[in-house]
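Biologist: I should be grateful for a close look at a single part of this model, set in the context of the whole chain. Please treat it in one connected account.

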Amino acid sequence: MKKQIRCARLLKLLPATGLLLAAAATVQAVGVTGQCGNCHTMHNSQNNTATATINYGAEADGPYSYLLKGTCLGCHAMGTANNIETLGTSSVPQVYHTAGTDLAGGNFNHMLSGASEAIKDSKGHNVVDFAGTSIGDGDISLIGAPGALPFHDTTISDTNLTCSGARGCHGTRGQGNDGAPGIGTALQDVPSLKGAHHTNVSGKIDGTAGRDASTVGTSYRFLKGVYGYEDSDWQATSGAADHNEYYSAATPMTLGCATLSCHDGGVSDPVEPPNNTISGFCATCHPNFHSLDNAEPAFPAGTYISGVGTGIADPFIRHPTDVVIPNSGEFAGMAAAYNPNVPVGRTTLAAAPYATQTPDGATVTVTCLSCHYPHAGPNPDLLRFDYTTMVTGSGLGTGCFVCHTEKDD
C-alpha cells in the first residue's frame with residue numbers, strides 16, 4: 001500500500017516537474033543540435049579504412065582534436081554554393097562560399113578576386129588557416145594589424161592570425177594548442193573553443209545569468225567577453241526586424257595593461273574587451289582606431305595611444321566608434337527603419353531585434369561593424385560599401401550617407 005501511495009504521489013508531481021524542466025530549458029538553450037556523428041568520429045576508422053573527414057583545401061586529413069571530423073574551416077569554409085551548409089542533420093554557417101548572399105560576417109571568398117594581390121588582401125583578414133590561397137599567404141602591404149600599438153605591432157601579424165586561439169578572434173584568446181596558458185602554434189587552436197558549441201546560447205547575450213559572456217559559449221558568436229543579439233540564421237535572411245544586434249557603449253574604452261585588453265593573461269585571464277562591446281573587441285588588435293587617447297603609466301616611456309580623440313565630442317582625429325549618434329543636425333534625417341546593410345549599435349539590448357534605428361541621442365551608436373565586415377567583404381578595407389562612390393550630393397542613400405544624410409543632398 002505504501003508503495004502504491006508513493007507511486008501516486010510521484011505521478012502527481014511529474015506534470016509539475018515537467019513544467020519546471022521546460023521552464024529551465026528556456027533559460028539557456030542547448031547549443032548545436034543533431035546527431036553526435038555529424039561532428040564527431042570515435043576512432044576515425046570504419047571497415048578498416050579512415051572515416052571520411054570534413055576537410056578544407058590543404059589541411060591534412062584527420063584525426064583531429066576532441067574526436068572531431070573537421071577543423072574550423074573544414075566545417076565553416078566548405079566552398080560550396082550554400083551560405084549555410086547541412087552536415088548530417090546540423091545547419092552550419094559558411095564563412096567561405098560561392099552563394100550570392102553573404103551572412104552577417106561576410107565571405108572570405110571575396111579575397112580571391114581583384115585586379116591585384118593588394119586589392120585581394122585588403123578585402124579581408126589574412127587568416128593563415130587558408131593556407132595555399134591569397135587569403136592565407138600573407139598580406140602584400142601589411143605586416144601587423146593597422147592601428148596597433150608601436151611596441152605590439154607584430155604581436156598579431158599576417159603570418160600568425162588564425163580563426164581561433166591566442167592569435168585569433170574566436171575562442172579563448174591566450175590558450176595554447178595543448179590547453180595550457182600560452183601561445184598556441186598550430187593553425188587551428190581548436191582547444192580554445194572546447195565545449196563552446198554545446199553551451200552556445202542564442203538571442204540576447206547581455207550579462208544576465210547564463211548569458212553573461214563569461215565563457216566562450218555564452219559570448220556573442222564565440223567572441224569571448226562580447227555581448228550582442230544573435231540572429232538565428234546568421235542573417236541568411238534579414239530585414240528591419242530580422243538581424244543581429246551589436247552591443248555598444250556611449251564612450252570608447254581606454255586601453256591599459258591592467259585591463260587585459262591587449263595582453264595574453266592565459267586561460268584564466270584571456271584577452272577580451274573590458275566594456276563587452278564589439279568595437280572594444282576590435283580595439284584589442286586595432287587600439288588606436290577604437291579607443292580614447294591615453295598615456296598608460298605601464299607602457300614604455302614616451303608611448304602614447306593616439307586614439308579617436310580625448311573624449312566623445314568633436315573634433316575627432318579618427319572616425320569614432322562606441323559613440324552615440326546625435327539626434328540633430330545631419331543625423332536627424334536618418335531613416336527610421338533599421339538598415340542591416342549599415343548596422344548601428346545599441347547601449348541596451350532587447351529580447352528581439354529593434355526594427356528602428358532613429359537616433360535618440362542616448363542609445364543608438366556607431367560601431368566598427370557599421371562600416372566594416374568582420375571576416376571579409378566585396379570592397380577594399382573590408383568596407384560594406386564602395387568608398388570611391390561616396391560623393392557628396394549624389395543622393396545615394398547608402399554607405400556613409402545612411403548616417404550623414406545632409407551631405408547626401
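What share of the contacts in the chain with a separation of 6 or more comes from residues 24 or more positions apart? With that as background, where is the place of Tyr246, and with which residues is Tyr246 in contact once its neighbours within four places in sequence are left aside?

Modeller: This is a predicted model, in which local features need pLDDT of at least 70 and side-chain atom pairs count only at pLDDT 80 or more, while totals for chains, interfaces and linings use all residues. Residues are numbered from 1 along each chain as its sequence is written, and side-chain values use heavy atoms, with hydrogens and water left out.

To begin with the share: 49% of the contacts with a separation of 6 or more are between residues 24 or more positions apart, a contact being heavy atoms within 4.5 Å. Of the 409 residues in the chain, 47% are buried; buried means under 20% relative accessible area, exposed over 50%, and partly exposed in between, with a 1.4 Å probe and protein chains only. The chain exposes about 19,100 Å², of which carbon and sulfur atoms supply 59%; these areas come from the Shrake-Rupley method with a 1.4 Å probe, and for residues only the protein chains shown count as cover. Its secondary structure comes to five helices and twelve strands, taken as DSSP runs numbered from the N terminus (helices H or I, at least four residues; strands E, at least two).

Tyr246 has its place in strand β9. That strand belongs to an open sheet of six strands with mixed pairing, in the order β7-β8-β9-β11-β12-β10. The edge strands, each pairing on one side only, are β7 (203-205) and β10 (323-324). Two strands pair if DSSP finds at least two bridges between them; β9 and strand β11 (residues 345-346) do so in the parallel sense over two bridges. Within this pair, Tyr246 stands opposite Gly345 in β11.

Tyr246 counts as buried because its relative accessible area is 5%. Apart from its neighbours within four places in sequence, Tyr246 is in contact with Ala104, Tyr220, Gln235, Ile278, Pro343, Val344, Gly345, Arg346, Leu369 and Arg384. Its C-alpha atom is separated by 9.7 Å from that of Val366, 120 residues apart along the chain. The side chain of Tyr246 also makes a polar contact with the side chain of Asn244 at 3.3 Å. Such a contact is a pair of N or O atoms within 3.5 Å; within protein, one must be able to donate a hydrogen and the other to accept it, and residues adjacent in sequence count only if both atoms are side-chain atoms.

Gln235, one of the partners of Tyr246, lies in the loop between β8 (228-230) and β9 (245-247). Gln235 counts as buried because its relative accessibility is 11%. With neighbours within four places set aside, its contacts are Asp102, Leu103, Ala104, His243, Asn244, Tyr246 and Pro340. Ala104 is thus in contact with Gln235 and also with Tyr246.

Another partner, Tyr220, brings in the nonpolar cores. A nonpolar core is a set of buried Ala, Val, Leu, Ile, Met, Phe, Trp, Tyr and Cys residues joined through side-chain atoms within 4.5 Å. The largest has 21 residues, and Ala77, Tyr96, Phe108 and Phe130 have the most contacts inside it. A second, separate core of 14 residues includes Ala213, Tyr220, Val226 and Tyr227. In soluble globular proteins, nonpolar side chains tend to be buried together.

The loop between β7 and β8 holds Arg221, whose phi is near 50 degrees, a positive value in a residue other than glycine. Arg221 is classed as buried because its relative accessible area is 19%. Leu67 likewise has a positive phi, near 60 degrees; Leu67 is placed in the loop between β2 (49-50) and α2 (72-76). Most residues other than glycine have a negative phi, and most peptide bonds are trans. A cis peptide bond, with omega about 0 degrees, joins Asp314 and Pro315; Pro315 lies in the loop between α5 (278-283) and β10.

Finally, the structure holds zero disulfides, a disulfide being a pair of cysteine sulfur atoms within 2.5 Å. Cys163 forms no such bond because the closest cysteine sulfur, in Cys72, is 5.1 Å from its own, too far for a bond. Cys282 is in no disulfide either, the nearest cysteine sulfur, that of Cys368, being 3.9 Å away.
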